[in-house]
Amino acid sequence: MQILIQPEKGGNAIVTIATGGEFLAQWEKNAKAGWEGYCQRHRLGLILFDEELYDRAATGWKKVHWQKTLIGQALK
């Protein structure tokens, strides 16, 4: 997990998952600057998960786009 912009007292943040070299590189190239600007204008934090939140070897593993449901638990 990378905290790109620290959330303020309210704790509100935009969070994304970009795993794997190609997905992360594309996010950094095409989206990161816009997301940072938006977060700064609206006083939001920006958090990036660059690794899967659930071990692939575990029973019940789901693809990364389903792992977004685990973000709240991971942030605790």
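**Salt bridge, sheet and core of the predicted model**

A search of the whole structure finds one salt bridge. The model examined here is a predicted one. The salt bridge is formed by Glu8 and Arg43, whose closest N and O atoms are 2.9 Å apart. Glu8 belongs to the loop between S1 and S2, and Arg43 to the loop between helix H2 (32-41) and S3, so the pair ties together parts that are 35 residues apart in sequence. Side chains of opposite charge can pair in this way when their charged atoms come close. The two partners fall into separate accessibility classes: Glu8 is partly exposed, at 39% relative accessibility, and Arg43 is exposed, at 58%.

Arg43 also stands out in its backbone. Most residues other than glycine have a negative phi. Arg43 is not a glycine, yet its phi is positive, at about 55°. The residue with this backbone angle is found in the loop between H2 and S3.

The fold as a whole contains three helices and three strands. Read from the N terminus, the order of these elements is β-β-α-α-β-α. The protein has 76 residues, of which 24% count as buried. Its accessible surface comes to about 5600 Å², and carbon and sulfur atoms account for 51% of that area. Among contacts with a separation of 6 or more, 68% are between residues 24 or more positions apart.

The three strands form an open sheet in the order S1-S3-S2, with mixed pairing. Strand S1 (2-5) and strand S2 (13-17) are the edge strands, each pairing on one side only. On average, neighbouring strands of the sheet are turned by 20° against each other, direction ignored. S1 and S3 run antiparallel and are joined by three bridges, and Gln2 has Leu48 as its bridge partner in S3. S2 and S3, by contrast, pair in the parallel sense over five bridges. In this second pairing, Ala13 has Gly45 as its bridge partner in S3, and Ile14 stands opposite Leu46 in S3.

S3 is mostly covered, with five of its five residues buried. The cover extends to both faces of the strand: Gly45, Ile47 and Phe49 are buried on one side, and Leu46 and Leu48 are buried on the other. For Leu46, the residues touched, not counting those up to four places away in sequence, are Gln2, Ile3, Leu4, Ile5, Ala13, Ile14, Trp27, Trp35, Glu36 and Cys39.

Leu46 is also one of the nine residues of the largest nonpolar core, which consists of Ile5, Ala18, Leu24, Trp27, Ala31, Cys39, Leu44, Leu46 and Leu48. The elements that give two or more residues to this core are helix H1 (21-30) and strand S3 (45-49).

The edge strands supply two further residues for closer description. Leu4 lies in strand S1 and is partly exposed, with a relative accessible area of 25%; the value is not under the 20% cut-off for a buried residue. Beyond its neighbours within four places in sequence, Leu4 is in contact with Trp27, Lys32, Leu46 and Leu48. Leu4 and Val15 are 11 residues apart along the chain, and their C-alpha atoms are separated by 10.0 Å.

Thr16 lies in strand S2. With a relative accessibility of 12%, Thr16 counts as buried, because buried means under 20% relative accessible area. When its neighbours within four places in sequence are left aside, Thr16 is in contact with Trp27, Trp35, Ile47, Leu48 and Phe49. Trp27 thus appears in the contact lists of Leu4, Thr16 and Leu46, and it is itself among the residues of the largest nonpolar core.

Definitions and conventions
Residues numbered from 1 in each chain as written. Predicted model: local features only at pLDDT ≥ 70, side-chain atom pairs only at ≥ 80, totals over all residues. Heavy atoms only, no water. Helix = DSSP H or I, 4+ residues; strand = E, 2+ residues; numbered from the N terminus. Buried < 20%, exposed > 50% of the residue type's maximum accessible area, 1.4 Å probe, protein only. Contact = heavy atoms within 4.5 Å. Areas by Shrake-Rupley, 256 points an atom, 1.4 Å probe, with all protein chains shown as cover. Core = buried A, V, L, I, M, F, W, Y, C linked by side-chain atoms within 4.5 Å. Pairing = 2+ DSSP bridges. Axes fitted to C-alpha atoms, helices over the stretch in contact; angles between N-to-C directions. Salt bridge = Lys/Arg side-chain N within 4 Å of Asp/Glu carboxyl O.
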